[in-house]
Amino acid sequence: MVLQTLYDVTLVLCCLYAFIAGGRTEKLGSLLTLTASIVSVLIWYRPLEWRAVHWNMFAVDLVTFLLATWLAIRSDRFWPMWFAGFCLVGVMTHLAVAAMPNFASMAYSLSQGFWAYPAMLALVIGTWTHRRGMRGYGLSAS
């Protein structure tokens, strides 16, 4: 429960910061992050079972990765590439479990939650650099 609360607070703070202080790219990144998290909660039906691949979670992670990759390709910012890369690690974790069914369930569950934090950090750093650029040069590509 503590980890879920920590995640929820981090999610809200990161997305709110990106939406308020960021440009178009950061707003889209925050919307993508928030939507993926909400959809994950809505489709999750086995809270403590990590013995097999969760294909519904894999689908959410895959779509998130594809949209993050689209954002990285369309953006002139650097942070979406990192964001998409962290999303890719989440997708690959599902595939590793599919390839190795004896993969430790604890490692699977922890790795799924872990990679959301560096992705949110990339979003926050991208927002911060956007704000710094706006103050320093008064310009924005968004």
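This is a tutorial dialogue on reading the helix packing in a predicted model.

Trainee: Before I dig in, what kind of model is this, and which pLDDT cut-offs apply?

Mentor: The model is predicted, with local features needing pLDDT of at least 70 and side-chain atom pairs counting only at pLDDT 80 or more, while totals for chains, interfaces and linings use all residues. Residues are numbered from 1 along each chain as its sequence is written, and side-chain values use heavy atoms, with hydrogens and water left out.

Trainee: What average pLDDT does the protein have?

Mentor: General idea: pLDDT is the predictor's confidence in each residue, on a scale from 0 to 100. Here the protein averages 86, and 87% of the residues score at least 70. Among the elements, helix 3 has the highest mean pLDDT, 95, and helix 5 (residues 105-114) the lowest, 71. Where pLDDT is low, the predicted coordinates should not be read in detail.

Trainee: How many helices and strands are there?

Mentor: Both kinds of element are DSSP runs numbered from the N terminus: helices are H or I with at least four residues, strands are E with at least two. This protein has six helices and zero strands, so to speak a plain α-α-α-α-α-α order from the N terminus on.

Trainee: At what angle do helix 3 and helix 4 pack?

Mentor: Start with the axes: they are lines fitted to C-alpha atoms, for helices over the stretch in contact, and angles run from 0 to 180 degrees between N-to-C directions. Helix 3 (residues 55-74) and helix 4 (residues 79-99) pack at about 155 degrees, their axes 8 Å apart. That makes the two helices roughly antiparallel; the cut-offs are under 35 degrees for roughly parallel, over 145 for roughly antiparallel, 65 to 115 for roughly perpendicular, and oblique for the rest.

Trainee: Is their crossing left-handed or right-handed?

Mentor: Picture one helix in front: a crossing is left-handed if the near helix is turned anticlockwise from the far one by less than a right angle, right-handed if clockwise. Helix 3 and helix 4 cross left-handed.

Trainee: And which residues of helix 3 and helix 4 meet?

Mentor: Contact means heavy atoms within 4.5 Å. On the helix 3 side you'll find, among others, Trp55, Phe58, Asp61, Phe65 and Leu71, and on the helix 4 side the residues include Trp79, Met81, Phe83, Cys87 and His94. By class, the contact of helix 3 with helix 4 has 18 nonpolar, four polar and one charged residues. For those classes, Ala, Val, Leu, Ile, Met, Phe, Trp, Tyr, Cys and Pro are nonpolar, Asp, Glu, Lys and Arg are charged, and the others, Gly among them, are polar.

Trainee: What about helix 1 and helix 2: at what angle do they pack?

Mentor: Helix 1 (residues 2-21) and helix 2 (residues 24-43) pack at about 155 degrees, with axes 7 Å apart. They are therefore roughly antiparallel to each other, and their crossing is left-handed. Tyr7, Leu11 and Cys15 are among the helix 1 residues in this contact, and Glu26, Lys27 and Ser30 among those of helix 2. The class split is seven nonpolar, three polar and two charged.

Trainee: How does helix 2 sit against helix 4, roughly parallel or roughly antiparallel?

Mentor: Their angle is about 15 degrees, with axes 11 Å apart. That makes helix 2 roughly parallel to helix 4, again with a left-handed crossing. Thr25, Glu26, Gly29, Leu32 and Thr33 in helix 2 meet Trp79, Pro80 and Phe83 in helix 4. Those residues divide into four nonpolar, three polar and one charged.

Trainee: Now single residues: is Ser40 buried or exposed?

Mentor: The cut-offs are in relative accessible area: buried is under 20%, exposed over 50%, partly exposed in between, with a 1.4 Å probe and protein chains only. Ser40, found in helix 2, counts as buried at 15%. Not counting residues up to four places away in sequence, Ser40 touches Met57 and Val60. Across the protein, buried residues make up 39% of the 142.

Trainee: Where is Met81, and how does it count for accessibility?

Mentor: Met81 is in helix 4 and counts as partly exposed at 45% relative accessibility. Its C-alpha atom is 8.4 Å from that of Leu71, ten residues apart along the chain.
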